[in-house]
Amino acid sequence: MKHRNLIAVLCLISAFILPINAELKYVDASRLTLIGKVMPTPENVYHRVDTVKYNDMPFQVKRLFTHSAGLVVSFKTNSPTVAARWTTKGKGVMGNVTPICDRGLDLYMNDGGEWIPVGAGTPSAGKAEQERVITKNLKPGVHRFLLYLPLFEEVRSLEIGVDEGSFIEAEPSPFRHTVLMYGSSILHGACASRSGLAYPARMSRNTGVNFVNYGLSGNGKMEAAVADMLKDIDADAFILDCMPNPSPEEITERTQYLVNTIRKYHQGTPIIMIETYMRENGYSDQAVHDRCTRQGEAFVKQYELLKKQGIKDLYLIRDNHAIGTDHEGSVDGTHPNDLGFDRMVEQYQPQIMRILKKYGIK
């Protein structure tokens with residue numbers, strides 16, 4: 001009996017110390033196709049902006065641009081199993097987002113022309129290094145995948161695992177054009193339950209257009225140094241969903257420099273400004289209600305002034321209760337939940353695509 005108990009204990013220990021699947025082989029994800037990048041980032045391939053080159057931006061802006069929000073690995077494999085090993089910086093936990101959204105992975109597979117979610121890389125608490133089988137027992141054949149990276153973490157390394165006898169190869173991006181979206185934590189992805197549900201990611205899968213996520217949680221404030229960085233990006237269109245973060249006074253002071261700077265270097269390129277919805281807690285908190293109202297008024301006024309000054313190819317999408325009127329579209333009174341993001345996509349996507357199609361972006 002003691003001998004059998006010892007064997008059971010040893011088997012249990014082995015289960016914890018052995019790899020999740022000894023038959024898997026791993027490849028560095030940087031060898032595959034990385035979508036969502038619009039500039040090289042020598043320090044770390046999973047950063048969104050070269051923060052050394054653009055060192056004049058505020059510290060918090062530079063820190064947030066190290067987050068991998070909107071970055072996606074595109075690949076194909078005939079493996080029935082897809083796994084991942086990844087390392088993040090290991091910052092503190094954000095209280096209003098899920099661990100999968102914060103520092104996990106989100107895998108989509110193309111099935112008959114439709115992108116469907118097939119598994120998530122759920123991170124363990126308190127660990128920077130993670131290893132997970134994301135999906136298994138897939139039907140035979142070659143499948144195309146999109147692996148969405150964490151929204152609110154800096155990825156230090158990423159490897160994708162497949163069965164030993166299978167192949168894995170880079171797959172070209174399924175998305176066309178480059179539409180740069182600059183904005184707040186809502187654009188960044190708070191508070192989608194997983195990274196593939198952030199609204200730029202959903203619009204990309206819906207339309208085939210590459211909506212690049214330059215969301216900056218709490219810091220989409222239209223600073224001049226950020227405008228000077230955005231002007232260097234070779235984009236087919238720019239979308240400014242940054243109204244939530246700057247104060248009404250900052251909106252008045254900064255909007256014209258941002259728009260004029262982009263326009264100077266991108267003649268004939270559409271610039272779309274989005275008026276943000278009333279915060280859900282603005283229906284109860286009168287100070288929040290007043291701030292949101294004044295932000296909207298300032299944003300719309302700056303748009304109208306720019307149009308009067310002759311700025312062409314400039315558009316404004318007005319808010320029409322973007323997250324709904326039943327007061328169920330928010331996680332925390334500020335950020336959308338998955339229902340709220342769904343409603344935002346329903347409202348924004350048709351308006352954005354109507355504008356973009358005028359410029360051959362479809």
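**Two sheets, a long look at α8, and two cores**

Okay, let's start with β1, which pairs with strand β9, residues 155–163, in the antiparallel sense over 5 bridges. Before I go on, keep in mind that this is a predicted model. If you want one pair to find on the screen, take Leu 24: its bridge partner in β9 is Asp 163.

So what sheet does that pair belong to? It's an open one of 4 strands, in the order β1-β9-β4-β7, with antiparallel pairing. At the edges you have β1, residues 24–28, and β7, residues 129–135; each has a single partner strand, so one side of each is left without a neighbour in the sheet. From one strand to the next, the twist averages 25 degrees.

Let me stay on β7 for a second, since Thr 135 sits in that strand. Is Thr 135 buried or exposed? Its relative accessibility is 8%, and the cut-off for buried is under 20%, so Thr 135 counts as buried. Its side chain reaches the backbone oxygen of Val 118 at 3.4 Å. Leaving out residues up to four places away in sequence, Thr 135 touches Pro 80, Thr 81, Val 82, Leu 107 and Val 118. Val 118 therefore turns up twice, in the polar reach of the side chain and in the contact list, by the 4.5 Å criterion for contact.

Now the other sheet. This one has 5 strands, again open, in the order β12-β11-β13-β14-β15, and here the pairing is parallel. The edge strands are β12 and β15, each with a single partner, so one side of each has no neighbour in the sheet. Ignoring direction, neighbouring strands are turned by 20 degrees against each other on average.

What packs on this sheet? α7 does, touching β11, β13, β14 and β15, and its direction makes about 155 degrees with that of β14. Then there's helix α9, residues 338–357, which lies across β11, β12, β13, β14 and β15 and runs at about 160 degrees to β14.

Have a look at β11, residues 176–183, in that sheet. How many of its 8 residues are buried? The count is 6, so the strand is mostly covered, given the under 20% cut-off. On one partner, β12, residues 209–215, it has 6 parallel bridges. Two of the pairs there are Arg 176 with Val 209 and Leu 180 with Val 212. To β13 it is joined by 5 bridges, also parallel, and there Tyr 182 stands opposite Leu 240.

Hang on to Tyr 182, please, as we move to the cores. The largest nonpolar core has 38 residues, and Tyr 182, Tyr 214 and Met 229 are the ones with the most contacts inside it. What does Met 229 touch? Not counting residues up to four places away in sequence, the list is Met 39, Val 49, Tyr 54, Met 57, Phe 65 and Tyr 214. There's also a second, separate core, this one of 36 residues, including Tyr 148, Tyr 277, Tyr 348 and Leu 356.

Last stop, helix α8, residues 286–308. That's 23 residues, and from its first C-alpha to its last it reaches 33 Å, close to the 33 Å expected at 1.5 Å a residue. Which of its residues are buried? They are Cys 292, Gln 295, Gly 296, Ala 298, Phe 299, Val 300, Gln 302, Tyr 303 and Leu 306. The cover over them includes α7, residues 248–265, and three strands we've just met in the parallel sheet: β13 (237–241), β14 (271–274) and β15 (314–317).

Now the two ends of α8. Going in, Asp 285 is found in the loop between β14 and α8. At 34% relative accessibility, Asp 285 counts as partly exposed. At the start of the helix, a side-chain oxygen of Asp 285 reaches to within 3.0 Å of the backbone nitrogen of Ala 287. Coming out, just after α8, Gly 310 takes a positive phi of about 95 degrees.

To recap: an antiparallel sheet of 4 strands, a parallel one of 5, and two separate nonpolar cores, of 38 and 36 residues. Okay, over to you.

Methods:
Residues numbered from 1 in each chain as written. Predicted model: local features only at pLDDT ≥ 70, side-chain atom pairs only at ≥ 80, totals over all residues. Heavy atoms only, no water. Pairing = 2+ DSSP bridges. Axes fitted to C-alpha atoms, helices over the stretch in contact; angles between N-to-C directions. Core = buried A, V, L, I, M, F, W, Y, C linked by side-chain atoms within 4.5 Å. Buried < 20%, exposed > 50% of the residue type's maximum accessible area, 1.4 Å probe, protein only. Expected span 1.5 Å × (residues − 1). Polar contact = N/O pair within 3.5 Å; in protein donor to acceptor, adjacent residues only side chain to side chain.
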